Amino acid sequence: MIEAVSCGGVVIFRGKILLLYKNYRNRYEGWVLPKGTVEEGEEYSETALREVKEETGATAHIIKYVGKTNYSFNTSYDVVDKDVHWYLMMADSYYSKPQKEEFFCDSGYYKYHEAYHLLKFPNEKQILQDAYSEYQELRRLGMWDSRLKV
């Protein structure tokens with residue numbers, strides 16, 4: 001078994017969540033949150049910010065750590081067990097441009113309920129739920145627009 005670590009973000013701008021649509025060889029892969037593999041010497045928060053920028057073109061900053069998900073998948077030669085560390089992030093605009101090299105063919109910001117139903121994977125739905133609850137609480141406290149790390 002191979003153990004791997006990725007990091008990603010639940011990116012929000014004006015209450016809407018940034019999603020990516022993956023389509024590999026004209027096969028539906030689904031809507032996902034931006035995430036990617038930790039590079040050597042990188043902090044998890046650095047990975048999350050880099051991957052959001054690379055995969056979506058969006059400029060964002062971290063508000064707070066949300067949590068970790070885990071899943072496994074098979075490759076032709078082994079089983080990969082992957083931990084993904086997630087951060088709540090604030091984007092600076094609605095701008096996004098999907099990274100074609102990673103087979104993302106669309107991206108955009110969606111209302112919470114749209115994003116929740118579009119997401120393909122249950123663990124990403126759960127992390128969206130957790131992150132959006134944090135976002136709502138920060139807004140309620142008047143802390144969302146302060147650009148302060150919580």
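No disulfides are counted in this structure, the count being 0, where a disulfide is taken as a pair of cysteine sulfur atoms within 2.5 Å. The model is predicted, so local features are reported only at pLDDT of at least 70 and side-chain atom pairs only at pLDDT 80 or more, while totals for chains, interfaces and linings use all residues. Residues are numbered from 1 along each chain as its sequence is written, and side-chain values use heavy atoms, with hydrogens and water left out. Two cysteines deserve a word here. Cys7 counts as buried, at 0% relative accessibility, whereas Cys105 is partly exposed, with a relative accessible area of 37%. Buried means under 20% relative accessible area, exposed over 50% and partly exposed in between, with a 1.4 Å probe and protein chains only.

We can turn next to the interior. A nonpolar core is a set of buried Ala, Val, Leu, Ile, Met, Phe, Trp, Tyr and Cys residues joined through side-chain atoms within 4.5 Å. The largest such core holds 23 residues, and Val10, Ile12, Ile17, Leu33, Leu88 and Trp144 touch the most other members. At least two residues each come from β1 (2-13), β2 (16-24), β5 (60-74), β6 (79-91), α2 (112-118) and α3 (122-140); α3 gives the most, with 6 residues. Helices (H or I, at least four residues) and strands (E, at least two) are DSSP runs numbered from the N terminus. Leaving aside residues up to four places away in sequence, Leu88 has contacts that include Val10, Ile12, Ile62, Ala131, Tyr135, Leu138 and Trp144, a contact being heavy atoms within 4.5 Å. Apart from the largest core lies another, of 13 residues, with Cys7, Leu18, Ala48 and Ala91 among them.

Ala48 also belongs to the buried residues of helix α1, alongside Thr47, Arg50, Glu51, Val52, Glu55 and Thr56. These buried residues pack against β1, β2, β4 (35-37), β5, β6 and β7 (104-110). Helix α1 (residues 44-56) has 13 residues and spans 18 Å from its first C-alpha to its last, close to the expected 18 Å, which is 1.5 Å times one less than its number of residues. Just after α1, Gly57 adopts a positive phi of about 75°.

Among the strands, which pair if DSSP finds at least two bridges between them, β1 and β2 are antiparallel over 2 bridges, and Phe13 stands opposite Lys16 in β2. The two strands form a hairpin with 2 residues between them, and Arg14 in the turn has a positive phi of about 50°. Strand β2 also runs antiparallel to β7, joined by 6 bridges, with Leu20 opposite Ser107 in β7.
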